[in-house]
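Here is a short report on charged side chains and their partners. It covers pairing, burial and position along the chain.

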Amino acid sequence: MRVVGLFLVFCVDILNWTGVYGSWEEWWTYDGISGPDYWGLLNPEWKLCNRGRRQSPIDIDPALLLYDPALTKVHVDDTKVNGTLTNTGHSVRLVLDTGGGAGVSIQGGPLSYSYRAHSLLLHYGRTDDKGSEHTIAGHAFPAELQILCYNHNLYENMSEAVFKTQGVVGIAVMFQISDASSPDLHILTSQLEKILHKGQSASVSHLSVRSLLPDTSQFLTYEGSTTVPGCHETVTWILLNKPLYITKQEIFQLRRLMQGDEKNPKTVLANNFRPPQPLYNRSVRTNVFNHDIEDKKCFNSRKLFYKGNVGGTVQWLD
């Protein structure tokens, strides 16, 4: 009872403070009594974070995947774009410049509309055994890239679309540590020294979102939510079946970023991931087929997509 009482006092203090001085963005975190378990209690507008039935991220159980051969390749425009990379105190976020009609369109796959890329988010851990928001058979990856896109056939911008049906698409890609990474990822990681502290930003130019991504022909998809408050259940998630590669030096640079500003750096930004949420009665579809099966009229969903090894690592299935 004492813990509950202290939490209620904490919430009342937040309500009083934000009403006069600040924003709700200052009050949620990824741990403690302002962490994911309490997001839905901090702000009534975030109630879906605790009560929603279509929340993200999720843990992918390969045994429960549904094979859907009607899922076609996801098409991503190869337009080069500019943007602003920022340490938000919660994540590393790249907001793309869509002024003058410029933008990256995403179509195909499970989508009935055309979507426009709005921003990229990086979630990562302090160690290599955690960091991704989505997990596979209980196994996490050291980092996850999320590209958030809004339905520009129906809505004017992300601010409107995030509240609407079929409003948002999230493309998620897991990172694997390697000896080399892509030149387009280096465009982002080369700017990390400029955003060590919260609120710092750096300009990014001539980035190809398409070149940043691995092959987009194989993926899994499900209906979920944004993974930050207010956890809006308006997101179609597409998890690509191939990883992005990042070097040890680049992941080290990410782990140097801080949650606070220069005067009060607080702690490192790493471990900025929401834990997996219950699947409930949702289905997770995939177009990844096990080519080793002799009778291609049948399939074994246990062998589709990612496979967790006994040793704790995760493989990609071709």
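Aspartate 128 is partly exposed, with a relative accessible area of 41%. Here buried means under 20% relative accessible area, exposed over 50%, and partly exposed in between, with a 1.4 Å probe and protein chains only. This is a predicted model: local features need pLDDT of at least 70, side-chain atom pairs count only at pLDDT 80 or more, and totals for chains, interfaces and linings use all residues. Residues are numbered from 1 along each chain as its sequence is written, and side-chain values use heavy atoms, with hydrogens and water left out.

**Salt bridges**

The structure holds four salt bridges. The term stands for a side-chain nitrogen of Lys or Arg within 4 Å of a carboxyl oxygen of Asp or Glu. Side chains of opposite charge can pair when their charged atoms come close. Three of the bridges, with their closest N and O atoms, are tabulated here.

| Acid | Base | N to O distance |
|---|---|---|
| Aspartate 68 | Arginine 285 | 2.6 Å |
| Aspartate 128 | Arginine 255 | 2.8 Å |
| Glutamate 193 | Arginine 256 | 2.6 Å |

Aspartate 68 pairs with arginine 285. Aspartate 68 sits in the loop between strand S2 (66–67) and strand S3 (74–76), and arginine 285 in strand S15 (residues 285–286), 217 residues apart. Helices (H or I, at least four residues) and strands (E, at least two) are DSSP runs, numbered from the N terminus. Aspartate 68 is buried at 17% relative accessible area. Arginine 285 is partly exposed at 28%.

Arginine 255 bridges to aspartate 128. Arginine 255 lies in the loop between helix H7 (248–254) and S15, and aspartate 128 in the loop between strand S7 (115–124) and strand S8 (135–136), so the pair ties together parts 127 residues apart in sequence.

Glutamate 193 meets arginine 256. Glutamate 193 is in the loop between helix H5 (183–189) and strand S11 (201–208), arginine 256 in the loop between H7 and S15, so parts 63 residues apart in sequence are tied together. Glutamate 193 is partly exposed at 45%. Arginine 256 is partly exposed too, at 34%.

**Glutamate 133**

Is glutamate 133 buried or exposed? Glutamate 133 is buried, with a relative accessible area of 0%. Glutamate 133 lies in the loop between S7 and S8. Its side chain makes a polar contact of 2.7 Å with that of threonine 227. A polar contact is a pair of N or O atoms within 3.5 Å; within protein, one must be able to donate a hydrogen and the other to accept it, and residues adjacent in sequence count only if both atoms are side-chain atoms. The glutamate 133 side chain also reaches the backbone nitrogen of arginine 274 at 2.8 Å.
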